[in-house]
Amino acid sequence: MATDTLHRRGLMFILSSPSGAGKTTIARRLLAEDGEIAMSVSATTRPMRPGEVDGKDYHFVSQTEFDRMVEDNGFYEWAHVFGHSYGTPKAQIRAGLKDGQDYLFDIDWQGTQQLHQKAQADVVRVFILPPSLEELHRRLIGRGTDSAEVIAARMARAQAEISHWDGYDYVVVNDDVETCFGKVREILDAERMRRTRQTGLIDFVRELTRG
Ligand SMILES: Nc1nc2c(ncn2[C@@H]2O[C@H](COP(=O)(O)OP(=O)(O)O)[C@@H](O)[C@H]2O)c(=O)[nH]1
Ligand SMILES: Nc1ncnc2c1ncn2[C@@H]1O[C@H](COP(=O)(O)OP(=O)(O)O)[C@@H](O)[C@H]1O
């Protein structure tokens, strides 16, 4: 049996951070450079930002549609963030994990807690921190997507979000983006080799140790 045929269960790779710390930047790069991970596309009621694509960045839905999905038990988890609803649709992901597909989640600490409770063995939780609050503010302004009011609200929430750092398996400071990305990649690579995820290992080892 060749090692490249070993079956592995997919993992749920969660990236969270205070808004503006850089998780979207890291997530996009991971998706572009890693052929084995796919984005879990959340549903949200918040308006689309310039440059965002419906069905790729989010499924942009009305509050009525969102409420219907909640009623139909269509979400792994959902939460209210910044006055809008966000949720992780269940369909697709369950089947994908079984087939060895990895998924990337850009969700907040509330969603992370819920996902961890429901699927602990599959979940890897990574928290991205900004190098300072001043730099976080600069990044939010520099991104140019939010009004001064929204930026103030995000900054006001940042410290509360940072206080949930201890609900994560890994914490990485995003000072230099290359360094941060490299570390996130290393976490993903190592987690893929976890013994418990490599479901084909038993047969492989049995063959190696055949007497
Ligand atoms: N619980 C949960 N949070 C989500 C989901 N999708 C996005 N979020 C979080 O909602 C927050 C706001 O996201 P967004 O409006 O894209 O703005 P961002 O802060 O610039 O990323 C972020 O903290 C996301 O991680 C989801 O499906 N569930
Ligand atoms: N290491 C970094 N150094 C400087 N700017 C960064 C870094 N990482 C991200 N940024 C910039 O900061 C802004 C916020 O990043 P983004 O990925 O949108 O954050 P989040 O998804 O956490 O809200 C963007 O304009 C992005 O280009």
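This passage describes a sheet, a nonpolar core and the surroundings of two ligands in a predicted model.

An open sheet is formed by 4 strands, arranged in the order E4-E3-E6-E5 with mixed pairing. Strand E4 (59-60) and strand E5 (75-81) occupy the edges; each has a single partner strand, so one side of each is left without a neighbour in the sheet. In general, the strands of a sheet pair through backbone hydrogen bonds, in either a parallel or an antiparallel manner. E5 and strand E6 (residues 84-89) run antiparallel and are joined by 6 bridges. Within this pair, Trp-78 has Gly-87 of E6 as its bridge partner.

Two helices pack on the sheet. Helix H2 (residues 63-71) touches strand E3 (43-44), E5 and E6, and the direction of H2 makes about 45° with that of E6. Helix H4 (residues 109-119) touches E5 and E6, and its direction makes about 160° with that of E5.

The largest nonpolar core comprises 27 residues. Those with the most contacts inside this core are Met-12, Phe-13, Ile-14, Leu-15, Phe-105, Val-126 and Ile-128. Two or more core residues are given by each of strand E1 (12-16), E5, strand E7 (102-106), strand E8 (123-129), H5 and helix H7 (177-192). E5 is thus an edge strand of the open sheet as well as a contributor to the core. The surroundings of Ile-14 were examined further. When its neighbours within four places in sequence are left aside, Ile-14 is in contact with Phe-105, Ile-107, Thr-112, Leu-115, Val-123, Val-124, Arg-125 and Val-126. Among these contacts of Ile-14, Phe-105 and Val-126 also belong to the core residues with the most contacts.

Ligand 1 has 18 residues around it, of which Ser-19, Ser-42, Ala-79, Tyr-86 and Gly-111 come nearest. At least two residues of this shell are supplied by each of E5, E6 and H4. The greatest contribution is that of E5, with 4 residues. By residue class, the shell around ligand 1 divides into 6 nonpolar, 8 polar and 4 charged residues.

Around ligand 2 there are 14 residues, and those that come nearest are Gly-22, Thr-24, Thr-25, Arg-139 and Val-177. Helix H1 (23-33) and helix H5 (133-143) each provide at least two residues of the shell around this ligand. H5 therefore appears both in the shell of ligand 2 and among the elements of the core. The shell around ligand 2 consists of 2 nonpolar, 8 polar and 4 charged residues.

Note on methods: Residues are numbered from 1 along each chain as its sequence is written. Chains are lettered from A and ligands numbered from 1 in the order in which they are written. This is a predicted model: local features need pLDDT of at least 70, side-chain atom pairs count only at pLDDT 80 or more; totals for chains, interfaces and linings use all residues. A residue is near a molecule or strand if its C-beta atom, placed from the backbone, lies within 6 Å of it. Ala, Val, Leu, Ile, Met, Phe, Trp, Tyr, Cys and Pro count as nonpolar, Asp, Glu, Lys and Arg as charged, and the others, Gly among them, as polar. Two strands pair if DSSP finds at least two bridges between them. Two residues are in contact if their C-beta atoms, placed from the backbone, lie within 7 Å. Axes are lines fitted to C-alpha atoms, for helices over the stretch in contact, and angles run from 0 to 180 degrees between N-to-C directions. A nonpolar core is a set of buried Ala, Val, Leu, Ile, Met, Phe, Trp, Tyr and Cys residues joined through C-beta atoms within 7 Å. A residue is buried if 20 or more other C-beta atoms lie within 10 Å of its own, exposed if 12 or fewer, and partly exposed in between; C-beta atoms are placed from the backbone.
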